[in-house]
Amino acid sequence: SRRQRQMCIRDSLAVPGVNTLTQLRLTLEELRVAGLTTIKTAFDMDFSSNQHVQNGFKSLTALLDEMGFQFGTYLWDPRYKGLDDYIWECCLQRRRP
């Protein structure tokens with residue numbers, strides 16, 4: 001629904017890079033106090049083959065588990081590395097006749 005799409009966009013938290021999780025705990029603590037219970041991650045699709053991304057993914061999921069959050073991971077067509085690449089391609093496909 002339109003409301004769900006708006007919430008998805010509005011309720012997003014971007015972490016610039018897989019190795020920038022140090023300050024994330026403070027933000028997650030504030031969000032937990034505000035009532036957030038479930039988090040969906042969206043790492044680049046090379047998280048299963050790129051050791052740096054994989055380490056960041058494991059660190060984040062360990063942190064979420066430690067803090068008591070429920071969590072899952074969005075997956076998309078691996079031809080598109082980042083979620084932004086995938087969304088951009090979907091938008092382009094909609095414009096093509």
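## Aromatic pairs

Let's start with the rings. Searching the whole of this predicted model turns up 3 aromatic pairs. One of them brings together Phe43 and Phe57. Their ring centres are 5.4 Å apart and the planes stand at 90 degrees, so this pair counts as edge-to-face, a label given to planes over 60 degrees apart.

Where do Phe43 and Phe57 sit along the chain? Phe43 belongs to the loop between strand 1 and helix 3, while Phe57 lies in helix 3 itself. With these positions 14 residues apart, the pair links distant parts of the chain.

## Strands 1 and 2

Now for the strands on either side of helix 3. Strand 1 covers residues 38–41 and strand 2 covers residues 70–73. The two run parallel and are joined by 4 bridges. If you would like a spot to look at, try Thr41, whose bridge partner in strand 2 is Thr73.

Together with helix 3, these two strands form a β-α-β unit, and its hand is right-handed.

## Helix 2 against helix 3

Helix 3 (residues 51–66) also packs with helix 2 (residues 24–33). The angle between them is about 35 degrees, and their axes are 11 Å apart. As for the hand of this crossing, helix 2 and helix 3 cross in a right-handed way.

Which residues make the contact? From helix 2 come Leu24, Arg25 and Leu28, and they meet Leu60, Leu63, Leu64 and Glu66 of helix 3. Sorted by character, the residues of this contact are 5 nonpolar and 2 charged, with no polar ones.

Methods:
Residues numbered from 1 in each chain as written. Predicted model: local features only at pLDDT ≥ 70, side-chain atom pairs only at ≥ 80, totals over all residues. Heavy atoms only, no water. Axes fitted to C-alpha atoms, helices over the stretch in contact; angles between N-to-C directions. Left-handed = near helix turned anticlockwise from the far one by under 90°. Contact = heavy atoms within 4.5 Å. Nonpolar A, V, L, I, M, F, W, Y, C, P; charged D, E, K, R; others polar. Pairing = 2+ DSSP bridges. Right-handed = clockwise from strand over helix to strand, strands pointing away. Phe/Tyr/Trp six-rings, centres within 6.5 Å; stacked < 30°, edge-to-face > 60°.
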